[in-house]
Amino acid sequence: MSHKITVRQLIHQLQTVDPDLPAYLAIKPDWPHTHYVGRIVEVPGPNGAVYLAENGQEGVLPPEVRTELGWADV
């Protein structure tokens, strides 16, 4: 997967999962914790972007998620 994805690509990926499940951020393979998604900020314009803020930490990322992300051996 490319380092950059568009909002359209993100929406497409999210449409393939159960919409009633909670959404988290998986960050830092060497310290794999589950993080809450916070505010979403749009910077408009030709060099604009959308930013998803981290909003705290819940706990350790489950082993099956680390395996799926390829972080099991990190």
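Thr-34 is found in strand β2, and that makes a handy place to start looking around this predicted model. With a relative accessible area of 7%, Thr-34 falls under the 20% cut-off, so this residue counts as buried. Setting aside the neighbours within four places in sequence, Thr-34 still has plenty to touch: Tyr-24 and Leu-25 on one hand, and Gly-56, Gln-57, Glu-58, Gly-59, Val-60, Leu-61 and Pro-62 on the other.

Strand pairing comes next. Strand β2 covers residues 33-43, while β1 takes in residues 24-27. These two strands run antiparallel and are joined by four bridges. One example is Leu-25, whose bridge partner in β2 is His-35. The β1 and β2 strands form a hairpin with five residues between them, and here Lys-28 takes a positive phi near 60 degrees.

On to the pairing of β2 with β3, the latter spanning residues 49-60. Eight bridges join these strands, again in an antiparallel arrangement. His-33 has Val-60 as its bridge partner in β3, and Val-37 is partnered in β3 by Glu-54. This hairpin, too, has five residues between its strands, with Gly-45 in the turn showing a positive phi of about 110 degrees. As a general point about regular strands, side chains alternate between the two faces of the sheet.

Back in β1, Ala-26 is worth a stop. Ala-26 sits in that strand and has a relative accessible area of 35%, which means it is partly exposed. Beyond its neighbours within four places in sequence, Ala-26 is in contact with His-33, Leu-61, Leu-69 and Trp-71. Arg-39 is another matter: 13 residues along the chain from Ala-26, its C-alpha atom is separated from that of Ala-26 by 16 Å.

Then there are the aromatic rings. The structure holds one aromatic pair, formed by Tyr-24 and Tyr-36. Their rings are 6.0 Å apart, centre to centre, and the planes meet at 45 degrees, giving a tilted pair. The pair links distant parts of the chain, as Tyr-24 belongs to β1 and Tyr-36 to β2, 12 residues apart. Tyr-24 has a relative accessible area of 36%, so it is classed as partly exposed. Tyr-36 is likewise partly exposed, because its relative accessibility is 33%.

Finally, the surface. A nonpolar patch of about 480 Å² is made by Val-7, Ile-11, Val-37, Ile-40, Val-50 and Leu-52. The elements that each give two or more residues to this patch are helix α1 (7-14) and the strands β2 and β3. Ile-11 is one of the patch residues, and its place is in helix α1. Its relative accessibility is 43%, so Ile-11 counts as partly exposed. Val-37 also turns up in the patch, having already appeared above as the bridge partner of Glu-54.

Note on methods
Residues are numbered from 1 along each chain as its sequence is written. This is a predicted model: local features need pLDDT of at least 70, side-chain atom pairs count only at pLDDT 80 or more; totals for chains, interfaces and linings use all residues. Side-chain values use heavy atoms; hydrogens and water are left out. Patches are made of residues with over 30% relative accessible area and no salt bridge: like charges are joined within 9 Å, nonpolar side chains (Val, Leu, Ile, Met, Phe, Trp, Tyr) within 5 Å. Accessible areas come from the Shrake-Rupley method with a 1.4 Å probe; for residues, only the protein chains shown count as cover. A salt bridge is a side-chain nitrogen of Lys or Arg within 4 Å of a carboxyl oxygen of Asp or Glu. Buried means under 20% relative accessible area, exposed over 50%, partly exposed in between (1.4 Å probe, protein chains only). Rings of Phe, Tyr and Trp (its six-membered ring) pair if their centres lie within 6.5 Å; planes under 30 degrees apart count as stacked, over 60 as edge-to-face and the rest as tilted. Contact means heavy atoms within 4.5 Å. Two strands pair if DSSP finds at least two bridges between them.
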